[in-house]
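Q: Got a minute to go through this model with me? I'd like to start with strand pairing and then jump around.

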Amino acid sequence: MPPAPPSSSPAPKRSPNRATSRVQLPMPVLAGRMSLEEALARRRALRSFAAAPLSLADCAQLLWAAQGVTHPEGYRTTPSAGALYPLEVYLVAGAVTELPAGVYHYRPHAHELRCVLAGDLRAALAASTLGQAAIAAAPAVIVPAGVFDRTLVKYGDRGIPSVQMEAGAAAQNVALQAVSRGLGSVYIGAYDDEAVKAALGLPADHEPLCLLPVGYPALF
């Protein structure tokens with residue numbers, strides 16, 4: 001994870017399979033069957049995933065939990081220093097019903113996805129984590145990325161931990177939302193930052209802050 005502001009290295013080359021399609025997501029559910037206390041008690045790191053795909057509604061709910069808009073003035077599910085919202089959230093879809101495999105950028109205000117790379121990129125992403133199997137096995141991976149300058153312009157270097165704390169809050173939201181839907185996830189922070197950016201075609205100023213593979217628990 002980056003301890004300092006993003007470098008000025010050039011943006012990775014874009015793959016020729018880049019797409020521009022948009023996907024409107026199902027509206028989030030605002031009242032669930034599981035209490036927050038039960039979700040907290042059940043949350044554990046999950047690294048073994050079943051082969052079952054996620055639904056588009058699952059992905060919509062998880063993305064909303066990470067960074068969804070919850071107020072007419074644009075406030076979101078996670079707290080943000082100065083309400084500057086430096087996080088950009090990506091979905092790496094490999095086995096999601098009603099959604100072709102690809103890398104998608106979540107657009108909170110429209111509650112939609114924009115496809116930025118087509119194809120199953122889970123193996124390439126796993127390679128950037130020294131081959132952690134959970135990345136390749138999970139039907140989808142959520143990747144919060146930080147645009148540090150949005151916060152640094154107001155708070156200077158004190159904005160660095162603010163962005164990182166915001167990513168942690170988003171990751172915990174995803175973990176608890178996953179549990180409430182019978183899913184599981186794990187927080188992965190061991191990866192090569194530049195390799196992740198190259199694999200997912202992230203802009204130069206989008207710094208990956210964690211990887212969150214999500215899916216149904218494997219049955220042994």
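Q: Which residue is the bridge partner of I142 in β8?
A: L212 is the bridge partner of I142. Keep in mind that this is a predicted model.

Q: How many bridges are there between β5 and β8, and in what sense do they pair?
A: Three bridges, in the antiparallel sense. Strand β8 covers residues 212-215.

Q: Which strand does β5 join over seven bridges?
A: That is β2, residues 87-93, and the two run antiparallel. Within this pairing, E88 of β2 stands opposite A145 in β5.

Q: And β7, how does it pair with β5?
A: Antiparallel again, over two bridges. β7 is short on paper: residues 207-208. Its E207 stands opposite G146.

Q: Is β5 buried or exposed?
A: Buried. Seven of the seven residues in β5 (140-146) are buried, so the strand is largely enclosed by the rest of the structure.

Q: Which β5 residues point which way?
A: A140, I142, P144 and G146 point one way. V141, V143 and A145 point the other way. Both sets are buried.

Q: Back to G146. What is its relative accessible area?
A: 0%, so G146 counts as buried. Buried here means under 20%.

Q: What does G146 contact, leaving aside neighbours within four places in sequence?
A: P86, L87, V163, D205, H206, E207 and L209. E207 is also the residue opposite G146 in β7.

Q: How far is G146 from P53, C-alpha to C-alpha?
A: 28 Å. The two are 93 residues apart along the chain.

Q: Switching to packing. Which residues touch the most other members of the largest nonpolar core?
A: L63, L91, L99, Y104, L113 and I142. That core has 37 residues.

Q: Which elements supply at least two residues each?
A: α2, β2, β3, β4, β5, α6 and β8. Of these, α2 gives the most, with eight residues.

Q: Where is the other core?
A: It lies apart from the largest one. It has 23 residues, among them A126, A138, Y191 and V196.

Q: L91 was on your list. What does L91 touch?
A: Not counting residues up to four places away in sequence, L91 touches C59, L63, L99, G102, V103, Y104, L113, A140, V141 and I142.

Q: OK, β3 next. Is β3 buried or exposed?
A: Five of the six residues of β3 are buried, so β3 is largely enclosed by the rest of the structure.

Q: What are the bridge counts for β3?
A: Four bridges join β3 to β2. Six join β3 to β4. Both pairings are antiparallel.

Q: Which residues face each other there?
A: V92 has V103 in β3 as its bridge partner. R107 stands opposite E112 in β4.

Q: What about the hairpin of β3 and β4? Which residue takes a positive phi?
A: H111, near 50°. The hairpin has four residues between the strands.

Q: Why flag the sign of phi at all?
A: Because most residues other than glycine have a negative phi.

Q: What is phi of A83, and where does A83 lie?
A: Phi is near 50°, a positive value. A83 lies in the loop between α2 and β2. At 37% relative accessibility, A83 is partly exposed.

Q: And E98? Buried or exposed?
A: Exposed, with a relative accessible area of 68%. E98 has a positive phi of about 70° and is not a glycine. Its place is in the loop between β2 and β3.

Q: Last topic: pockets. What volume does the largest pocket have?
A: About 570 Å³.

Q: How many residues line it, and which lie nearest its centre?
A: 19 residues line the largest pocket. G32, M34, Q61, Q177 and S180 lie nearest its centre.

Q: Which elements give two or more residues to that lining?
A: α1 (36-42), α2 (56-67) and α6 (159-180). α2 and α6 also supply residues to the largest nonpolar core.

Q: How does the lining divide by residue type?
A: Nine nonpolar, seven polar and three charged.

Conventions
Residues are numbered from 1 along each chain as its sequence is written. This is a predicted model: local features need pLDDT of at least 70, side-chain atom pairs count only at pLDDT 80 or more; totals for chains, interfaces and linings use all residues. Side-chain values use heavy atoms; hydrogens and water are left out. On a 1 Å grid over the protein atoms alone, a cavity is a set of points where a 1.4 Å probe fits but cannot get out, and a pocket is an open set with protein on both sides within 12 Å along at least five of seven lines; lining residues have an atom within 4 Å of a point. Grid points are joined across faces, edges and corners, and a volume is the space filled by probe spheres set on the points. Ala, Val, Leu, Ile, Met, Phe, Trp, Tyr, Cys and Pro count as nonpolar, Asp, Glu, Lys and Arg as charged, and the others, Gly among them, as polar. Buried means under 20% relative accessible area, exposed over 50%, partly exposed in between (1.4 Å probe, protein chains only). Two strands pair if DSSP finds at least two bridges between them. A nonpolar core is a set of buried Ala, Val, Leu, Ile, Met, Phe, Trp, Tyr and Cys residues joined through side-chain atoms within 4.5 Å. Contact means heavy atoms within 4.5 Å.
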